[in-house]
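User: I am in my first year and would like to practise reading a protein model. Could we go through it with questions and answers?

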Amino acid sequence: MPRTIRITRSHKLATAVLVAAGSVTAIAATGGQSEAQPTAAKSSIAAEKIAEGVPTAKEIAAKKAASETAAKKAAANEAAAKKAVADRKAATEKAVAERKAAAKKTAEKERSEKQAANRSTERKAVAAPKQYKNNLDSWIRESLDIMKKKNIPGSYEGLHRNIIRESSGNPNAVNDWDINAQNGIPSKGLLQVIQPTFDTYHVKGTPKKLTDPVANITAAANYAADRYGSIDNVDSAY
């Protein structure tokens, strides 16, 4: 196998000198000794310049290594810059996600608290039934609330008008002179109801006492609805 020969700068310079020497010999053969010396000197200088302009293998390798190092450094810088951008983007996305999660958690908490407050209000509403005073106005209004739930027709005006005519608003009024009284079942209460009628038309949920204001009114209104369509249609003894 042939051996690789490494050409150095010294080799190049020697070659250039030999070339120059050959030129001097040729000139001497044709032009004489006096002309050969300056020409040889010029050729030697030219050879040195040529040798100086050609990079050695070591210089080429060094330049290549420097270029590779610069390329690696540039690649590393580019990768670092990309990583920095990616890190900033990830940090921003994380911060946005955390803010959204916090906002969602706050909204859920507020919604839960609002629902709890609503349930509390509903429980209070159930626990605190409507309060009525112990007077004619409240007896009528309470009776109307019950009648509405039981689908019994009647208005405030119709109830009040008949109550005033029948008992003047006295829940303990008793008729002891008419035919019912003579038969032993006198009319009693705000709307002058006899016991058999009260027992038949008593509204569930009210006291089973004939002279109870609300029980008397609702039973009479229930009876009037069955007989006349509504207590509002009654304008005399019924």
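The questions below deal with one serine and with several salt bridges.

User: Is Ser-167 buried or exposed?

Analyst: Before we begin, please keep in mind that this is a predicted model. Ser-167 is found in helix 5, which covers residues 156-167. Its relative accessible area is 9%, and because buried means under 20% relative accessible area, Ser-167 is classed as buried.

User: Which residue offers its backbone oxygen to the side chain of Ser-167, and at what distance?

Analyst: If we leave aside the neighbours within four places in sequence, the residues in contact with Ser-167 are Ala-173, Gly-189, Leu-190 and Gln-192. One of these contacts, Leu-190, has a backbone oxygen that the side chain of Ser-167 reaches, and the distance is 2.7 Å.

User: How many salt bridges does the structure hold?

Analyst: A salt bridge here requires a side-chain nitrogen of Lys or Arg within 4 Å of a carboxyl oxygen of Asp or Glu. The pair Lys-82 and Glu-78 meets this with an N to O distance of 3.6 Å, and Glu-166 and Arg-165 meet in another salt bridge at 3.0 Å. Counted over the structure, the number of salt bridges is seven.

User: Where do Lys-82 and Glu-78 lie, and which of the two counts as exposed?

Analyst: Both residues lie in helix 3 (residues 57-127), where they are four residues apart, about one turn of the helix. Glu-78 has a relative accessible area of 46%, so it is partly exposed. With a relative accessibility of 55%, the residue that counts as exposed is Lys-82.

User: Which residue is linked with Glu-157 and Arg-161 in a network of salt bridges?

Analyst: Glu-157 and Arg-161 both lie in helix 5, four residues apart, about one turn of the helix, and their side chains meet in a salt bridge with an N to O distance of 2.7 Å. Glu-157 counts as partly exposed at 45% relative accessibility, and Arg-161 is also partly exposed, with a relative accessible area of 26%. The network of salt bridges links these two residues with Asp-235.

User: Why do Glu-166 and Arg-165 count as partly exposed?

Analyst: The side chains of Glu-166 and Arg-165 meet in a salt bridge. A residue is called partly exposed when its relative accessible area lies between the buried limit of 20% and the exposed limit of 50%. Both residues are therefore partly exposed, because the relative accessibility of Glu-166 is 22% and that of Arg-165 is 34%.

Conventions. Residues numbered from 1 in each chain as written. Predicted model: local features only at pLDDT ≥ 70, side-chain atom pairs only at ≥ 80, totals over all residues. Heavy atoms only, no water. Buried < 20%, exposed > 50% of the residue type's maximum accessible area, 1.4 Å probe, protein only. Polar contact = N/O pair within 3.5 Å; in protein donor to acceptor, adjacent residues only side chain to side chain. Contact = heavy atoms within 4.5 Å.
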